[in-house]
Amino acid sequence: MKKLFLPVITILLSGTLVKAQPGKTQITKWQYGRNGAVSITWDDGSINQFKVALPILNRLQLPATFFIITGQIPGSQYHGKFIGRPVKDIIKETATIPTNKDNFFERASAAGYLGLVGPLDYHYKAGSLVDAGKTEAAYKAIDECYTKVRNGEFKPGVQHNDEYKDAHGTTWAQIKAYAAQGHEFASHMVTHPRLAALDETNLMYEAEKSRLDVLNHLGLAYTFSAEGPFGTENERAVAYLARVYPALRNRMPEPWLKEISRGNKDTPGNTNKEYVQYQRGATTKTPLPMMKAWVDTTMNRKDTWLVLTHHGVDGIGWEALPHQELDEYFTYIKNHQDKLWVATFGDVTKYMRERQSAKVQSSLKGNKVTVSISHPLSKVFYNIPLTLKTYVPAGWKTVNAVQGTKKQSLKVATDSNGSYVLYQAYPNTSPVTLAGV
């Protein structure tokens with residue numbers, strides 16, 4: 001009998017020990033205590049994203065992030081240009097000096113600005129090869145380009161890439177109105193170049209001048225996020241972008257984040273990281289059940305942030321999806337919003353970083369719990385509330401939460417550790433006071 005009795009006592013004691021003390025507070029992994037996060041993002045800013053997809057998102061009250069090509073928007077101050085030596089000197093030099101590591105970036109940067117139709121295609125080809133780690137092949141592509149230039153094989157004219165052309169039709173005034181509806185707008189550079197093929201001067205021009213137009217037309221809050229075109233993960237290009245933008249969809253090399261890019265067939269799987277960024281990009285060949293499975297994976301885990309990347313809609317833009325499919329897909333996400341926090345790319349990034357760096361202090365005195373929360377991040381960008389979970393005395397039925405002028409009436413819930421409340425709190429401001437009723 002003793003052998004049967006002792007383990008029972010141990011279990012009962014362990015159950016008592018794990019009960020949380022009233023006042024104990026933690027920051028939930030996701031806003032509102034949801035199981036996972038979803039960010040719906042769009043690249044390029046093609047016209048049907050706003051005419052067709054955005055009304056669907058608004059009807060469902062789902063925010064999205066739009067990475068826009070700024071150089072083609074009427075009223076933008078900065079447009080595509082080559083900064084460097086006269087292109088005639090570069091062309092002349094290519095006749096005697098083959099392309100190599102010392103001159104590749106200059107030549108690839110200048111290719112789209114020779115006043116000819118055709119060399120821009122070689123800029124894209126070379127950049128794609130660099131992104132793939134095939135630098136020698138990239139050199140050969142640039143040599144081929146300039147050989148054709150010297151031989152007069154290209155017609156005079158101005159050439160733009162397809163993404164740049166598809167983005168025409170939206171004004172800054174319209175974008176500002178869309179932003180006021182709760183959507184994030186962010187940089188996709190000035191002209192949508194292959195950043196891995198640009199020299200430092202021209203790469204920084206694309207990044208900095210795009211940011212300035214966003215700043216001038218939308219304000220500082222919209223200069224937080226960016227996406228280098230083609231989802232480049234080129235370390236050199238990403239390092240330059242990170243000087244200009246606090247958050248990049250290309251790469252977020254946080255020590256607590258497992259990154260799965262949209263070109264990676266991996267799944268969240270097992271990880272010792274606190275968070276997983278699970279990027280997925282639906283194309284015209286992606287079955288809708290697979291797209292829904294990405295959502296299912298996210299809401300059935302506790303650590304996953306699903307970052308969806310979309311492009312074209314109804315025939316306009318790269319890999320354009322029909323609006324009927326988008327409507328069904330976004331409705332599926334909306335119907336599971338009780339388990340998913342749907343937020344912009346920037347807001348999810350801010351939440352994770354705030355949570356990872358925040359300190360929480362709490363104390364129970366009499367009928368009140370006082371909670372203070374702070375983090376060392378810049379208040380310029382890191383200013384969204386965190387969701388706190390505070391355990392309260394068992395006798396409390398409802399709780400009034402006050403932080404400065406903000407008041408919340410909270411319902412008490414229970415889990416295996418005791419009674420608790422969930423509520424929103426802004427870091428680096430006044431403490432939150434919880435009073436039981």
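Reader: At 8% relative accessibility, does Q72 count as buried or exposed?

Author: This is a predicted model, in which local features need pLDDT (the predictor's confidence in each residue, from 0 to 100) of at least 70, side-chain atom pairs count only at pLDDT 80 or more, and totals for chains, interfaces and linings use all residues. Residues are numbered from 1 along each chain as its sequence is written, and side-chain values use heavy atoms, with hydrogens and water left out. Buried means under 20% relative accessible area, exposed over 50% and partly exposed in between, taken with a 1.4 Å probe and protein chains only. Because its relative accessibility is 8%, Q72 counts as buried.

Reader: Which residue has its backbone nitrogen 3.5 Å from a polar atom of the side chain of Q72?

Author: Q72 lies in the loop between β3 (64–68) and α3 (87–94), where helices (H or I, at least four residues) and strands (E, at least two) are DSSP runs numbered from the N terminus. Leaving aside neighbours within four places in sequence, Q72 is in contact (heavy atoms within 4.5 Å) with Y164, A167, H168 and V190. The backbone nitrogen that lies 3.5 Å from a polar atom of the Q72 side chain belongs to H168.

Reader: Does T70, at 0% relative accessibility, count as buried or exposed?

Author: T70 also has its place in the loop between β3 and α3. Not counting residues up to four places away in sequence, T70 touches S76, W172, M189, V190, S210, D213 and V214. With a relative accessibility of 0%, T70 therefore counts as buried.

Reader: Which helix gives the most to the largest nonpolar core?

Author: A nonpolar core is a set of buried Ala, Val, Leu, Ile, Met, Phe, Trp, Tyr and Cys residues joined through side-chain atoms within 4.5 Å. The largest one here has 42 residues, and those with the most contacts inside it are I40, W42, F66, F185, Y329, F330 and I333. The helix that gives the most to this core, with seven residues (47–60 being its span), is α2.

Reader: How many residues are in the other core, which lies apart from the largest one?

Author: Within the largest core, F66 is one of the residues with the most contacts, and beyond four places in sequence F66 touches W42, Q49, F50, L54, L57, H183, E184, F185 and A186. Apart from this core lies another, with A37, F67, F224 and A358 among its members, and its number of residues is 38.

Reader: Why is strand β15 (residues 386–391) largely enclosed by the rest of the structure?

Author: L386, L388 and T390 point one way from β15, while T387, K389 and Y391 point the other way, and all are buried. Strand β15 is largely enclosed because the number of its six residues that are buried is six.

Reader: Which residue in β19 stands opposite T390?

Author: Strands pair if DSSP finds at least two bridges between them, and β15 pairs in the antiparallel sense with β1 (residues 25–27) over three bridges, with I27 opposite L388. β15 also pairs with β19 (residues 418–425), again in the antiparallel sense, over six bridges. Opposite T390 in that second pairing stands V421.

Reader: Which are the edge strands of the open sheet, each pairing on one side only?

Author: The open sheet is formed by five strands in the order β13-β14-β20-β16-β17, with antiparallel pairing. Six bridges join β16 (residues 398–403) to β17, and T398 stands opposite K411 there. The strands that pair on one side only are β13 (359–365) and β17 (406–411).

Reader: What distance separates the C-alpha atoms of K411 and K101?

Author: K411 is found in strand β17 and, at 74% relative accessibility, counts as exposed. Beyond its neighbours within four places in sequence, K411 is in contact with Y420 and V421. K101 is 310 residues apart from K411 along the chain, and their C-alpha atoms are separated by 64 Å.

Reader: Over which residues does pLDDT stay under 50?

Author: The chain has a mean pLDDT of 94, and 96% of its residues reach 70 or more. The stretch where pLDDT stays under 50, and for which the model has zero contacts beyond four places in sequence, is residues 1–17.

Reader: What percentage of the 437 residues in the chain do buried residues make up?

Author: The chain has 13 helices and 20 strands, and its C-alpha atoms fill a box of roughly 95 × 55 × 40 Å along the principal axes. Among contacts between residues at least 6 apart in sequence, 72% join residues at least 24 apart. Of the 437 residues, the buried share is 52%.

Terms used:
Polar contact = N/O pair within 3.5 Å; in protein donor to acceptor, adjacent residues only side chain to side chain.
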